[in-house]
Amino acid sequence: MSSNNKVFKIAQLLLNQSIGENDRVDSDKVSAILNELRENPPAKHIEILKRFGFLVRRHMSSYQVSLEFKGGDGSEITNSLCKKNFIDHHATEVQAVDCPSLIAGFRVKIGDDVYEDSIANRLNNVRKALL
Amino acid sequence: MNSITDLIRKEIETLSVDASRSNVGKVTMLADGVARVEGLSKVMYNEMVEFPNDVLGIALNLEEDSVGCVLLGDTSSLKEGDEAKTTGKLLSVPVGMDLLGRVVDAAGRPIDGKGPIEAKEEYPVERIAPGIIPRKSVDQPLQTGIMAVDSMIPIGRGQRELIIGDRSTGKTTIAIDTIINQAKINKQGEQSGNKDFRPVYCIYVAVGQKNSNVARTIKILEETGAMEYVTIVSAPAADNPANQYLAPYAGCAMGEWFMENGRDALIVYDDLSKHAVAYRQISLILKRPSGREAYPGDVFYLHSRLLERSARLNEDNGNGSLTALPIIETQMGDVSGYIPTNVISITDGQIFLETDLFNKGIRPAVSVGLSVSRVGSAAQIKAYKKVAGKVKLELAQFRELAAFSQFESDLDAATKARLDRGARIVEMFKQTAFNPIPVEVQTAIMWGMQNDFFDSIDVDKISEAVASLKDYLSAQGKEVCNEIYKSGKLEESTEQNLRSALEDWKRTFA
Ligand SMILES: Nc1ncnc2c1ncn2[C@@H]1O[C@H](COP(=O)(O)OP(=O)(O)O)[C@@H](O)[C@H]1O
Ligand SMILES: [Mg+2]
């Protein structure tokens with residue numbers, strides 16, 4: 001358990017060192033860290049890398065917003081979601097994709113939180129209520 | 001048709017407020033009814049999690065970067081990479097009178113082909129046990145109908161009494177007998193028109209048993225007319241470990257409904273050894289650290305939080321009760337295993353069944369020395385207490401004397417009398433399966449034993465004599481039994497009537 005804790009601590013330190021402007025993960029810093037680790041491999045190299053990868057992914061997902069939508073215009077929907085305080089334009093990178101399976105509406109994913117208002121989701125809820 | 005359109009409208013109304021919010025994760029591992037999910041950072045312990053194709057899971061193991069979920073129902077459609085979604089709800093099961101007479105699975109869904117269950121209420125399967133203040137000490141009997149148990153190890157409503165023994169020592173039989181006896185008492189009480197009569201409803205939770213065993217139990221309960229007071233929760237061995245893990249909690253929620261609505265209920269967990277094994281399996285798949293006998297560290301909590309929910313509530317809280325009969329299967333009579341010692345420490349006593357006794361034909365194979373009930377004697381009815389008070393001591397002395405005196409040829413008269421009495425009590429306590437004896441009949445039989453009615457009968461004829469007395473008491477001797485049933489006491493006049501009834505019987509038997 002304590003060696004596990006060490007891995008967690010080191011990985012967290014590496015993450016802290018990878019963060020650049022605007023609290024974003026900086027790819028140059030990440031590659032520098034990876035090079036350094038390759039040249040001077042620490043004990044539990046793989047475990048540390050795995051944990052580091054997880055932390056980076058988690059950190060990035062906190063500001064990378066995925067927006068799936070059908071109908072309307074991606075940037076318009078983004079703007080209206082910002083107005084409703086669903087997302088913060090300055091803190092996030094919004095990636096909008098057209099998603100026909102929603103039928104109509106949108107689905108925003110921020111980290112592991114999902115906000116959805118779509119016909120597909122409503123139909124699914126109705127179907128479950130009728131089961 | 002109208003109700004369907006209403007339903008749709010209502011659903012849309014609730015939705016149109018705003019976007020629905022959920023917390024999601026991705027399945028990274030699937031095995032044996034267990035899923036590991038990455039993400040779900042806002043899930044609560046025991047929250048229901050939704051998977052594709054309407055598969056439901058329960059968050060059981062919350063770690064920093066992943067969540068371990070047990071999955072309910074058919075999980076064959078799931079694959080790694082599927083999305084899992086929080087629901088904000090705890091797993092609930094239907095509760096109430098509509099469940100009586102039914103067989104359901106761990107999620108409370110009917111599996112007896114008798115159509116849907118129209119329950120008006122649902123209870124979450126995991127709940128906090130009542131605290132000390134709403135509780136009351138045990139003071140009402142729960143008669144098993146088994147003479148050896150009712151006389152020496154009496155059980156009260158709200159008590160938790162463990163049934164423990166090796167395989168095939170009659171553990172299930174004792175539990176089923178008790179259920180049959182409740183049904184008998186319920187029917188008798190309903191017929192008596194006594195307004196204060198409180199029926200006992202029963203829940204039988206079958207965990208990790210063979211389907212054929214469960215089917216046999218259902219058949220017996222149906223044949224004896226007990227099923228109308230019983231709900232069976234079944235998670236057989238073929239079921240995935242998640243369902244086996246959940247079934248006792250689901251059954252407990254159903255029992256709690258009775259308790260909290262001012263009624264009395266009895267729940268049998270058959271058995272908690274298999275429950276612990278299912279939990280161990282889940283924990284090993286989730287790679288939780290394991291300890292003694294490879295069980296995870298919180299296995300004690302697994303059973304303590306379950307059994308703690310059995311209680312007797314006080315008048316301010318409706319006076320209801322939930323009595324628990326957990327069953328534990330031992331290996332070669334070893335009660336010092338991890339799970340047996342845990343459960344022994346949680347319960348209010350145990351009925352210990354011995355293979356040796358069972359094989360010698362002493363059935364039910366109750367070990368007098370190792371069985372105790374720490375609270376139940378406060379609940380025995382007066383008449384019964386009067387005749388049963390000495391019997392445990394007499395039997396214990398007999399066992400001791402019998403061990404010492406087996407090589408002696410000339411015994412003094414007092415010792416011989418004790419041995420004779422003990423041998424007859426052993427015979428009196430022999431009882432076939434699924435034949436519970438009403439408490440008033442037990443009282444009469446034991447009164448006969450205390451008053452020397454069996455002394456002149458050969459030891460090997462005692463079983464026959466008891467059977468014949470039982471028949472007599474349910475026919476010609478009915479009146480005196482009724483007297484005991486109604487008053488619950490042995491007044492002098494009742495004893496006189498008993499004496500003349502037994503004298504009458506003795507003439508016919510001899
Ligand atoms: N009092 C009894 N008299 C006769 N047979 C009994 C008695 N109790 C149990 N049996 C029989 O013994 C067998 C095992 O009983 P069971 O209750 O299933 O044991 P367990 O649950 O301990 O494995 C069954 O066939 C049952 O009918
Ligand atoms: Mg059994």
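Two strands count as paired if DSSP finds at least two bridges between them. Keep that in mind as you look around, and remember that this is a predicted model.

**Stop 1: a strand pair across two chains**

Start by selecting β4 of chain A, residues 113-118, together with strand β1 of chain B, residues 20-31. These two strands pair in the antiparallel sense over 4 bridges. To see individual partners, click on A:Tyr115, whose bridge partner in β1(B) is B:Arg21. Then pick A:Val114, which has B:Ser22 as its bridge partner in β1(B).

**Stop 2: follow β1 within chain B**

Stay with β1(B) and add strand β2 of chain B, residues 34-39. Here 6 bridges join β1(B) to β2(B), and the strands run antiparallel. One place to look is B:Leu30, which stands opposite B:Ala35 in β2(B). What do β1(B) and β2(B) form, and how many residues lie between them? The answer is a hairpin, with 2 residues between the strands. Select B:Asp32 in the turn, and you will find a residue with a positive phi of about 45°.

Now bring in β6 of chain B, residues 83-90. It is joined to β1(B) by 3 bridges, again in an antiparallel arrangement. Choose B:Lys26 and look for its bridge partner in β6(B), which is B:Glu83.

**Stop 3: salt bridges between the chains**

Keep B:Glu83 selected and show A:Arg107 as well. They form a salt bridge, with the closest N and O atoms 2.8 Å apart. This pair crosses between chains, running from strand β6 of chain B to strand β3 of chain A. Side chains of opposite charge can pair when their charged atoms come close.

For another example, select B:Glu64 and A:Arg58, which form a salt bridge whose closest N and O atoms are 3.6 Å apart. Across the interface of chain A and chain B, the rule finds 8 salt bridges. A search of the whole structure gives 41 over all chains.

**Stop 4: the whole interface**

Zoom out and colour the two chains separately. How many residues of each chain are in contact with the other? There are 25 from chain A and 25 from chain B. The area buried between them is about 2100 Å², with carbon and sulfur atoms giving 45% of this. The interface also has 12 residue pairs in polar contact, counting pairs with both residues at pLDDT 80 or more.

Next, highlight the elements of chain A that each supply at least two residues to the side touching chain B: α3 (45-61), β3 (105-110), β4 (113-118) and α5 (119-130). The largest share comes from α5(A), with 8 residues. Colour this side of chain A by residue class, and you will see 10 nonpolar, 2 polar and 13 charged residues.

**Stop 5: ligand 1**

Finish by selecting ligand 1 and its surroundings, which comprise 15 residues. The closest are B:Ser168, B:Lys171, B:Thr172, B:Thr173 and B:Gln431. Look at the backbone of B:Ser168, where a polar atom is 2.7 Å from an oxygen atom of ligand 1. At B:Thr169, a polar backbone atom is 3.1 Å from a ligand oxygen. Then turn to the side chain of B:Lys171, which has an N or O atom 2.7 Å from an oxygen atom of ligand 1.

Definitions and conventions. Residues numbered from 1 in each chain as written. Chains lettered and ligands numbered in written order. Predicted model: local features only at pLDDT ≥ 70, side-chain atom pairs only at ≥ 80, totals over all residues. Heavy atoms only, no water. Contact = heavy atoms within 4.5 Å. Buried area = accessible area lost by both parts, 1.4 Å probe. Salt bridge = Lys/Arg side-chain N within 4 Å of Asp/Glu carboxyl O. Polar contact = N/O pair within 3.5 Å; in protein donor to acceptor, adjacent residues only side chain to side chain. Nonpolar A, V, L, I, M, F, W, Y, C, P; charged D, E, K, R; others polar. Near = heavy atom within 4 Å.
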